[in-house]
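Thank you all for coming. I would like to take you through one structure this morning, slowly and piece by piece, so please have the view in front of you open as I talk.

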Amino acid sequence: MREPQRQIIAASAQKAGLGLVLILALCSFLFGADTWKAHAQQRDQGKAEKAAPSEQQPPPEKGPPSPSRLYESIQGYLRGVQQSDAPQKRLHPRTDRYLPVSPTIPEDDGAEHRRIVERETDLARSRMQRKEWALAAQALERALAAATHLKPEARPAELRAMLAEARSKLLAGQGAEPVAGRETTNSIGMKLVLIKPGMFLMGSSSAEVRRVESEWNVQRETLESEEPDRSVRISNPFYIGKYEVTVGQFKRFVEETGYRTVAEKQGSGWVYDRDKNHWAQKPGASWRNPGVEVWEDHPVSMVSHEDAEAFCKWLSAKERIQYQLPTEAQWEYAARGGKEGERFTWGNDYPDGAKLNSADRRSPVPWADRTIDDGYAQYAPVGSFEPNGFWLYDMAGNVWELCQDFFAAKPADKDSSGAIVDPSGPRSGTMRVVRGGCWAFGAGIARNAFRFGVQTNLVVDMSGFRVVASPSQADSAARVALSKPAAGDTSRADSYDDLVSRVKDLVSNGRRAEARRLADEYLNSSGAGATPDLQPQAVLKRALESLIDVSKDQRTVSFTNSQGMKMVRIPAGSFVMGSSEADIAWAITTLAQGAPVSLENEYPFHKVRITRPFFLSMHEVTVAQFRAFVEATGYVTDAEADGGGQVFNADRNRFEVKEGSSWLNPGWKIEDSQSVVMVSYYDAQAYVDWLTAIEKLPYKLPTEAQWEYACRGGLPMAQFPWGDSLPDGRKANYADKNTDFQWRDRYADDGHKHVAPVGSYEPNGFGLCDMAGNALEWVNDYYGDDYYRFTPEVDPEGPGTGEHRVMKGGEWTFGAVNLRCAFRGWSRPELALYNTGFRVAIDTGSARRPFHFASDFLTKEWVPGPDQREVAQAVAREKERQGATRTTRATDTAAPGPQLPAEPPVRGVMVMGFTPKSDAKKAGLAVGDVIIEYDGVRDLTAEKFLALTARTSKGRKKPMLILVRDGYEYSAHVEAGFLGVTVMSAKLRGPFKQPDQDRDQKKRDQKQDKTKAKDWT
């Protein structure tokens, strides 16, 4: 041993004792001084490489670390993420995180005009395939008008070429020849479809009425006229309009006859008033001016029953065929399209925006279902949605359709066979029946059985009509028979290969009904022999039906919001959540390979039902999207406020604050397309509030159950979003050979050292990307170790309180064990870690769907439901926040004045929850209230508060407490003793406002104010 080494050992012996001396001596003996020096240089070089940008090459591969070192590192990592032993920093997100900047929302970059161009072009193509050249030309004109607002003008050459083709075919008279025996076209270009005689079940059963009453939360009186269900026989064939009567067709009637509608005679009509949130009579409103711009291919509206009958009388004289409004029975028989007992024209599924034009997120009415998007704020061009089984369009939605029947709840008499034959309703009455739903209300009134009566002279912006005609006796039999399609029919396929190709294309674009119609007409044109099971046509028919049934609709039901965030609709369903004992054992032995990870919080696995669809963002929130939020509000994240975020220090085996780090500088050069990380739970919630305010949709963080259900992507028992195969670097971004972690997978290469751009890997079965790996994702639930042991089966939302929040999805900093769908992480909500981000969700409302409809709908004041109140509150918070930042900015520019000393914070206790029979809840306390005084004692803590309630338990008088709610200070007398509340210590900064003595009276006055509801929109 060399002399310097002996001196080091001697000095160490005096300071550290014999144990450290022996360790140093052994190390010196094994490696020598020169080796120690080289080792120190290599260690310093390694530190420099870790601090270098991510573009540098990863360090050379070494052998795996010792088991004890690996065990210690993983323990430090897990302890740092969860921070279970860290002192609590605060109870609530800070309120001082918005800088005095002028808030701005990114301007529209033409997204709306591009959307209109795509929408109208798709509609034009569909019409051109049906050789409806006049309708196609009108759609193309709208597309070109929208394209002129874009820079550079979008697709002008293609659109103009399509428009020129449509106009030339129209001038040449090359329209589609109607299918013989099925369709006819009259002299004004109105297409009519022949409906065969038959029997159907009309109305709703008592059980169906109860289901609708429960699911839509609708008053039973509104549904009573639908029951009982009864058998109805339509004895004669009839033609019915393929589309609703259009503005162009009604215009021709007015021009030829000089007719003046009821609205034009009386000088006004009922138009929806956005300020009052109900309908109001608008002077000058008529079919020409229903309150919005209309085109000739829009359904005519603002017509009364008298106007519709006048149109039918004119058309009958012109065509020499009897035209009239359909009877209610004819209308419902045609609307069902051959589907017996179905709720809607397409089936029983709740509409998703691709089925009908109803009150959606673009609608001006505040009770609209903001989770669906049908593409139109009010009227949609006729034929914009899929037809029903009889090839009729818009039998649900768009505009109400007038029927010839007077309205009455009593059904017609039955014949000797027990069926009602060709019912035509009562002979007199004050109201006429309307059917079919409309743009102003939701799916509840678009059901096949829903019926309603309106005054015969009512003129409103959501009523239109379609017509029926009777075939002559001479050709009735021939027209009822299914004959061969004409050669010019657009549905004709020239060969079997062409037929299969077109069927696949239609189904992949969501046009399954059109695919069935095409297959039927091809087969009927070929005919069948006496032994259908042996004929090639029969075999071909079965093959085509199977092809249509199994072919998947490739369109993802989704929409893109103003921030460019694609929201995917996740259907309702059930799944098995969590892991079994065998799953946990497999994950620990195969994936964790004995690492000190605890997966007991995933047990037991249990069935969960998601009862309502919801939307989930396809990708994690990106850097660009989070930057738009920060620039609009001046928001300061937790990491920025604390001087840095949490980064894992491999040398110390722990997470620690890295000075200067934040979502803008997490340790590598960020890209706009990457998932944003180093955001706390509070940061994610602030983003959600802002997004709710600007989008006016109920955005939120998903629940843990929603997240795991969506993650599985339709594979209910799979380990990973893609199935059960092990990750190999091509399926997700996790700790692979590119990273520096000791536990990295040295044989996998996912192509990224840190966070990857969103969507870098294949989506799961629901079309969601990065549900495994990339960044851990905050969800809404509080964390509970044993929550799975008592979780409810239906729509679980996590424990009511807790110190931690749940995190899901795995991350780029850890191994494959975290990539499993069942993995449950947790952390303190104020921690901003460099491996954690989030994605957002939208609930489609409560399981009991809101239903806004009543007999006095024209003047009925709308009362917002819970979901609408949530959105309104977020909008109000955003407005208040923007006003505060503007005020602060103006104050900053003013001359400096005397500064008042800041008031010291007030200590109190926050109400976190109640027992079932809580006296405090009966006294009016609510979750979130902060009690700052009890029985004359202030400066409260949780311990002091409990002691005070125990002290007053024997008293006879009711102690008074003072609480703070929304910045106002209130007092209340409560029962002595235990109040039945759970509390935790909190601090508030005053001063607090005193409530207005006349506040309750003002609230009562506001309820009478018709304009109160305008703030909810």
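I will begin with the chain as a whole, then go through sheets, a hairpin, some buried elements and the cavities.

A word first on how to read this: it is a predicted model, in which local features need pLDDT of at least 70 and side-chain atom pairs count only at pLDDT 80 or more, while totals for chains, interfaces and linings use all residues. Residues are numbered from 1 along each chain as its sequence is written, and side-chain values use heavy atoms, with hydrogens and water left out.

The chain has 25 helices and 32 strands, where helices (H or I, at least four residues) and strands (E, at least two) are DSSP runs, numbered from the N terminus. Of the 1017 residues in the chain, 52% are buried, and buried here means under 20% relative accessible area, with exposed being over 50% and partly exposed in between, using a 1.4 Å probe and protein chains only. If we take contacts in the chain between residues at least 6 apart in sequence, 74% of them join residues at least 24 apart, a contact being heavy atoms within 4.5 Å.

Let us turn to the sheets. One open sheet is formed by five strands in the order 1-2-5-14-8, with antiparallel pairing, and two strands count as paired if DSSP finds at least two bridges between them. At its edges are strand 1 (183-185) and strand 8 (323-324), each of which pairs on one side only. Strand 1 runs antiparallel to strand 2 (residues 191-195), with three bridges between them, and T184 has L192 in strand 2 as its bridge partner.

Further along, another open sheet of five strands has the order 15-16-19-27-22, and here too the pairing is antiparallel. The edge strands in this case are strand 15 (558-560) and strand 22 (699-700), each pairing on one side only. Strand 15 is joined to strand 16 (residues 566-570) by three bridges, and opposite S558 you will find V568 in strand 16. Across this sheet lies helix 21 (residues 704-712), which covers strand 16, strand 19 (614-617), strand 22 and strand 27 (841-843) and runs at about 75° to strand 19; the axes are lines fitted to C-alpha atoms, for helices over the stretch in contact, and angles run from 0 to 180 degrees between N-to-C directions.

Now a hairpin, which is made by strand 6 and strand 7 with four residues between them. The antiparallel pair, strand 6 (residues 268-273) and strand 7 (residues 278-283), is held by six bridges, with Y272 standing opposite W279, and in the turn N277 has a positive phi of about 60°.

Which elements are covered by the rest of the structure? Strand 11 (residues 431-435) has four of its five residues buried, so it is largely enclosed by the rest of the structure. On one hand it pairs antiparallel with strand 9 (residues 400-406) through three bridges, where F406 has R432 as its partner; on the other, strand 11 pairs with strand 12 (residues 452-455) over four bridges, where V433 is partnered by G453. Helix 12 (residues 328-336) is mostly covered as well, with nine of its nine residues buried, among them W331 and Y333, and the helix is followed by G337, whose phi is positive, near 60°.

For a single residue, consider V806 in strand 24 (residues 805-808), which is buried, with a relative accessible area of 0%. Leaving aside its neighbours within four places in sequence, V806 is in contact with residues including E704, W778, Y782 and R824.

Finally, how many cavities of 30 Å³ or more does the structure hold? There are five, a cavity being a set of points, on a 1 Å grid over the protein atoms alone, where a 1.4 Å probe fits but cannot get out, with lining residues having an atom within 4 Å of a point. The largest has a volume of about 100 Å³, a volume being the space filled by probe spheres set on the points, which are joined across faces, edges and corners. Its lining includes W346, K355, F385 and D394. The second largest cavity, of about 70 Å³, is lined by residues including I610, R612, K700 and D843.

Note on methods. 1 Å grid on protein atoms, 1.4 Å probe; cavity = no way out; pocket = protein on both sides within 12 Å on 5 of 7 lines; lining within 4 Å.
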